[in-house]
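Thanks for coming, everyone. Let me put the sequence and the structure up on the screen.

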Amino acid sequence: PEVVDCWVESGLMPLASPHVLGASPTKPVRYPGDFIAEYIAQTRTWFYYMHAMGVLLFDAPSFKNCVTTGTILAEDGSKMSKSKGNFTDPLVNLDRYGADALRLYMLGSVVMQSEDMSFRDEELKEVHNRFIGILWNTYKFYEMYTESESKPQTPSPLSTNMLDVWVHARLQQTIRQVTGYLDAYDTIRAIRTLREFVTDFSTWYIRRSRDRFKSEDATDRAAAITTTRDTLATLATLLAPLAPFIAERIYRGIGGVEESVHLAVWPEAGAVDDEVLTRMEATRTLVSEALELRAQAGIKIRQPLQSLTILPTSEVFEELIMDELNVKEILRGETLVLDTVLTDALQQEGDMRELIRAVQDARKKAGLSPQDRVRLCVDAAEAGVRVVTGATPELARVAGVVEITYDTLTEGTVVTTEAGTITVLLEMQ
């Protein structure tokens with residue numbers, strides 16, 4: 001007889017933990033609740049009773065925020081049913097893609113906006129490959145070049161290298177946006193923002209900084225490594241509530257300050273350098289347009305070209321453009337023009353880059369680490385001596401080659417290049 005209605009009990013949920021049975025209701029210290037979450041079909045009763053009880057007892061709302069989820073349907077839009085077998089066992093997907101991918105997929109979907117969603121394994125796989133996978137590969141790249149180095153415990157001074165300055169500004173922008181979205185319980189936009197940053201971090205910053213990680217310039221090499229480390233530390237902290245496992249693995253792997261990323265203080269955004277962000281965006285746009293010109297001319301990126309002409313008003317980072325597009329100089333003119341004339345000198349330089357690529361491919365297939373040094377044997381009968389003329393210093397710097405010999409090989413790694421067929425055989429030093 002004491003039970004009025006099960007929904008009344010649910011409506012008293014905010015009082016349940018601090019209230020002593022038989023005592024007069026008192027307003028708990030943490031009342032109202034910061035947020036509640038419930039499936040859409042249950043809101044009409046539970047939400048209503050919580051408000052009703054809160055107003056009756058304390059003349060106040062019972063919660064500040066709520067997350068209302070929609071219905072998860074089968075891929076064809078029908079209701080999930082064990083008898084129909086129209087969905088993959090969740091444990092199978094957890095084994096395939098991991099809990100973090102599943103969390104990011106769900107928290108980034110319309111189901112978090114009270115809308116119905118059709119669960120698709122392919123979409124879950126895409127999140128795993130294009131978000132978790134890219135982030136993990138970025139971390140492993142950092143780990144590969146820091147295996148023998150002690151990892152710093154405090155943030156490093158900001159580098160003056162423009163890539164470092166840009167990624168720092170981009171990170172501050174991301175901290176500000178993600179914090180705002182999560183304060184508003186908007187997991188969809190928070191995850192979208194983090195995913196965009198991970199993509200930029202990997203496909204632009206890390207890719208453009210790869211040579212810096214093995215540079216002979218110790219100062220610039222240290223700047224690239226420490227900037228990557230600091231960025232990963234902050235990124236892991238931002239991801240911790242959304243993808244807790246990979247966030248923890250990365251945070252511990254880079255030597256985070258706290259025992260766990262889940263004990264770390266939430267980062268505060270610093271000043272955002274909007275000018276750097278704008279110029280880098282213009283730079284990347286121009287690079288994309290120039291790459292289309294290369295594709296139309298049928299010239300691969302490894303073949304150096306003499307010049308690229310851009311508009312006088314273009315506010316871009318010219319050194320990055322020259323490096324990304326493999327051109328010798330930037331000129332100013334009325335239209336975007338890529339000089340596609342190949343001189344003998346440019347052709348020979350392109351041949352050498354093809355050789356370097358062949359060596360790098362051979363190293364990868366042999367499972368070598370960046371620290372491994374090798375001897376290289378090139379089939380001069382196939383490749384032509386001009387391909388390797390003057391290549392020794394560059395191969396030593398880029399591909400860890402300490403000696404080059406020329407012979408006709410009977411076995412090796414065969415790579416088809418614009419200069420013909422290059423056969424390379426690697427031997428450990």
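A word on naming before we start: helices and strands here are DSSP runs, numbered from the N terminus, with at least four residues for a helix and at least two for a strand. Keep in mind that this is a predicted model.

With that naming, let's place E315. It sits in the loop that joins β5, residues 305-310, to α12, residues 318-325. Is E315 buried or exposed? Exposed means over 50% relative accessible area. E315 has 54%, so E315 counts as exposed. It also has company. D273, D274, E275 and E315 come together on the surface as a patch of negative charge.

Now to the aromatic side chains. How many aromatic pairs does a search of the whole structure find? The number is 12. Take W46 and F47. Their ring centres are 5.7 Å apart and their planes stand at 55°, so this pair is tilted. Why tilted? Planes under 30 degrees apart would count as stacked and over 60 as edge-to-face, so 55° falls in the remaining class.

F47 has another partner, F63. Here the ring centres are 5.6 Å apart and the planes are at 55°, so the pair of F47 and F63 is tilted. Look at where these two come from. F47 is in helix α3, residues 43-58, while F63 is in strand β2, residues 63-69. The pair therefore ties together parts that are 16 residues apart in sequence.

Put the three together, and W46, F47 and F63 make one aromatic cluster. Are they buried or exposed? Buried means under 20% relative accessible area. W46 has 11%, so W46 is buried. F47 has 10%, so F47 is buried. F63 has 9%, so F63 is buried.

Next, charge pairs. Side chains of opposite charge can pair when their charged atoms come close. How many salt bridges are there? The count comes to 18. I'll show a few.

Start on strand β2 again. K64 and D34 meet there through their side chains, in a salt bridge of 3.5 Å, N to O. K64 belongs to strand β2 and D34 to strand β1, residues 33-39, so this salt bridge ties together parts that are 30 residues apart in sequence. How accessible are the two partners? K64 is exposed, at 53% relative accessible area. D34 counts as partly exposed, at 48%.

Move on to D186 and R189. Their side chains form a salt bridge at 2.8 Å, N to O. D186 counts as buried, with 15% relative accessibility. R189 is partly exposed, with 38%.

Then R212 and D220. This salt bridge is 3.0 Å, N to O. R212 is buried, with a relative accessible area of 7%. D220 counts as buried too, at 19%. The cut-off is under 20%, so the 19% of D220 qualifies.

One last stop. Which residues are linked in a network of salt bridges? R207, R208, D323 and E324 are.

To recap: a surface patch of negative charge that includes E315, an aromatic cluster of W46, F47 and F63, and 18 salt bridges. Thanks for listening.

Conventions:
Residues numbered from 1 in each chain as written. Predicted model: local features only at pLDDT ≥ 70, side-chain atom pairs only at ≥ 80, totals over all residues. Heavy atoms only, no water. Patch = residues over 30% accessible without salt bridge, like charges linked within 9 Å, V, L, I, M, F, W, Y side chains within 5 Å. Areas by Shrake-Rupley, 256 points an atom, 1.4 Å probe, with all protein chains shown as cover. Salt bridge = Lys/Arg side-chain N within 4 Å of Asp/Glu carboxyl O. Lys, Arg positive; Asp, Glu negative; His and termini not counted. Charge placed at Lys NZ, Arg CZ, Asp CG, Glu CD. Buried < 20%, exposed > 50% of the residue type's maximum accessible area, 1.4 Å probe, protein only. Phe/Tyr/Trp six-rings, centres within 6.5 Å; stacked < 30°, edge-to-face > 60°.
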